[in-house]
Amino acid sequence: MIPRRVVIIGGGFAGLFAVRALRRAPVAVTLVDRCAHHTFQPLLYQCASGILSSGQIAQPLRAILRRRENVRCLLATATDVDPTERLVHLVLSDGSGLALPYDDLIVGVGVRQSYFGHDEFVEHAPGMKTLEDAHAVRRRLFRAFEMAEAVEDPRERAAWLSFALVGAGPTGVELAGQIREIARHTLDREFSSIDPGQARVLLFDGVDAVLASFGPVLSRRAQRTLESLGVEVHLGAIATEVDERGLTVRRHSGESQRYDARTVLWTAGVEAPPLAGALARATGAKQDRAGRILVEPDLTIAGHPEIRVVGDLMNLNGLPGLAEVAMQSGAYAGRHIRHRVEGRKPSTRPFRYLDLGSAAYISRGRAVVKRGRLHVSGVVGWLIWLFIHLVFLTGFRSRAGAMMSWAVVFASGSRRERAFASGEAHTVDVPEAAAPSPRSA
């Protein structure tokens, strides 16, 4: 008997927890992702700021799933879905196409950075959604200090020592705090001509509070902590222009102001990837303003009980785009499929999210944590943040390595993961006379 074919698109938290829920089910699972690794996205900013290495926040999918005998991995990008024929259309890494059949489909591809219609900002203001983004941000951060050391014009030096972040959500707040820590502690006494501690960090957002989703109490505490670190918080300010020399923001009053900052980072807004639009056109599903798919209470698409959308890509009851939502929705979708395949009575219980809280790390020994009525900040918040992230990091090696790196940073301010190159990689031309002769067969 041919086992039921379950295709899972996306190797993030939602996809992996769906796989986990299907581990003993009599199904053939195919996990499709355009990356060969699973990235622990909540810690991307720590990779960008030199605290953690890529290997500590990203693990090969094949290594994670090596004991799952019913799981097959495919390195490919899903581009379209044919619900009539039950096919997922893929583009493989060499550019060739593949039509993958399914009986059940779980879509958990997540979301990408949104520039709110200003895609021209991408070139000058990288986001923070992928491992490649983290590497690009790291290169820009540490290169800025090197350039400030090299230039002699005071205004140009000041521009290189100015860092602008657009978006005061968790990623923006965490990254702003880390840049100030780098400037004040990590790079202290490493330069001859500049004082890294004089670096300006400017945080912009169109709303009136940092970490608005954490509530007014923790928002105020987070803002006070940022300002005590030296971060300049500009709320009610929307970026209208971004180029290689800085950005222009417009305030609620209508006034525009220009800021010279050679490093601009984008941490505001998300939108659905192209697959969401293709899926909506194929199934008739509705999308919200960000392109996310509106789903039924059981996470299926209306009229298509064989297709479930999970994680950040789904829109259900205003649930936030958190890792915990992705984990729980992925596990829920996997369990429903397993129960049906095993012949159990189908559950009619809708998906209910158990709020495990939200946490944001600001600086050494300072974080904010919210869970229900519990609002914690400072050292206690940092300890809770530490515990949460150690629990969910994939693999013992990742946990042990992260713990050691955090201990070093907390004790000394030193960051080991600071390697970067000033330009694109290139090959060195070998003089013809020195070139080795080819081997004979």
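Here is a short tour of a predicted model, stop by stop, for you to follow in your viewer.

**Stop 1: a three-stranded sheet**

Start by selecting residues 237-243, which make up strand E13, and 256-260, which make up strand E15. These are the edge strands of an open sheet, each pairing on one side only. Now add residues 246-251, strand E14, and you have the order E13-E14-E15 with antiparallel pairing. Look along the sheet: neighbouring strands are turned by 25° against each other on average, direction ignored.

Next, go through the pairings one at a time. E13 and E14 run antiparallel and share six bridges, and a hairpin of two residues joins them. To see one of the facing pairs, pick Ile238 and find Arg250 opposite in E14.

On the other side, E14 and E15 are paired in the antiparallel sense through five bridges. Click Thr248 and its bridge partner in E15, Arg258, then Gly246, which faces Asp260 in E15. These two strands also form a hairpin, with four residues in between. Stop at Gly254 in that turn: its phi is positive, about 95°.

Is E14 enclosed or open to the outside? Five of its six residues are buried, so the strand is largely enclosed by the rest of the structure.

**Stop 2: helix H5 and the core**

Move to residues 131-150, helix H5. If you like a quick sanity check, put a distance between the C-alpha atoms at its two ends: they are 29 Å apart, which agrees with the 28 Å that 20 residues should span at 1.5 Å a residue. Colour the buried residues of H5, among them Leu131, Val137, Leu141, Phe142 and Phe145.

Keep Phe145 selected. Which residues touch the most other members of the largest nonpolar core? They are Phe145 and Trp406, in a core of 118 residues. Show what surrounds Phe145, ignoring neighbours within four places in sequence, and you'll find contacts including Leu161, Phe163, Ile182, Leu187, Phe191 and Pro196. There is also a second, separate core of 17 residues, and Phe121, Val242, Trp266 and Ala268 belong to it.

**Stop 3: salt bridges**

The count here is 16 salt bridges, and a few are worth zooming in on.

- Select Asp103 and Arg5, whose closest N and O atoms are 3.2 Å apart. Asp103 sits in the loop between strands E7 and E8, and Arg5 in strand E1, 98 residues away in the chain. Asp103 is buried at 17% relative accessible area, while Arg5 is partly exposed at 34%.
- Select Glu156 and Arg262, which meet at 2.5 Å, N to O. Glu156 belongs to helix H6 and Arg262 to the loop between E15 and strand E16, so this pair ties together parts 106 residues apart in sequence. Glu156 counts as buried at 18% relative accessibility, and Arg262 counts as buried at 17%.
- Select Arg364 and Glu181, with their closest N and O atoms 3.4 Å apart. Arg364 is in the loop between strands E22 and E23, and Glu181 is in helix H7, so parts 183 residues apart in sequence are tied together. Arg364 is partly exposed at 23% relative accessible area, whereas Glu181 is buried at 6%.

For the last stop, select Arg4, Asp104 and Arg340 together: salt bridges link them in a network.

Methods
Residues numbered from 1 in each chain as written. Predicted model: local features only at pLDDT ≥ 70, side-chain atom pairs only at ≥ 80, totals over all residues. Heavy atoms only, no water. Pairing = 2+ DSSP bridges. Axes fitted to C-alpha atoms, helices over the stretch in contact; angles between N-to-C directions. Expected span 1.5 Å × (residues − 1). Buried < 20%, exposed > 50% of the residue type's maximum accessible area, 1.4 Å probe, protein only. Core = buried A, V, L, I, M, F, W, Y, C linked by side-chain atoms within 4.5 Å. Contact = heavy atoms within 4.5 Å. Salt bridge = Lys/Arg side-chain N within 4 Å of Asp/Glu carboxyl O.
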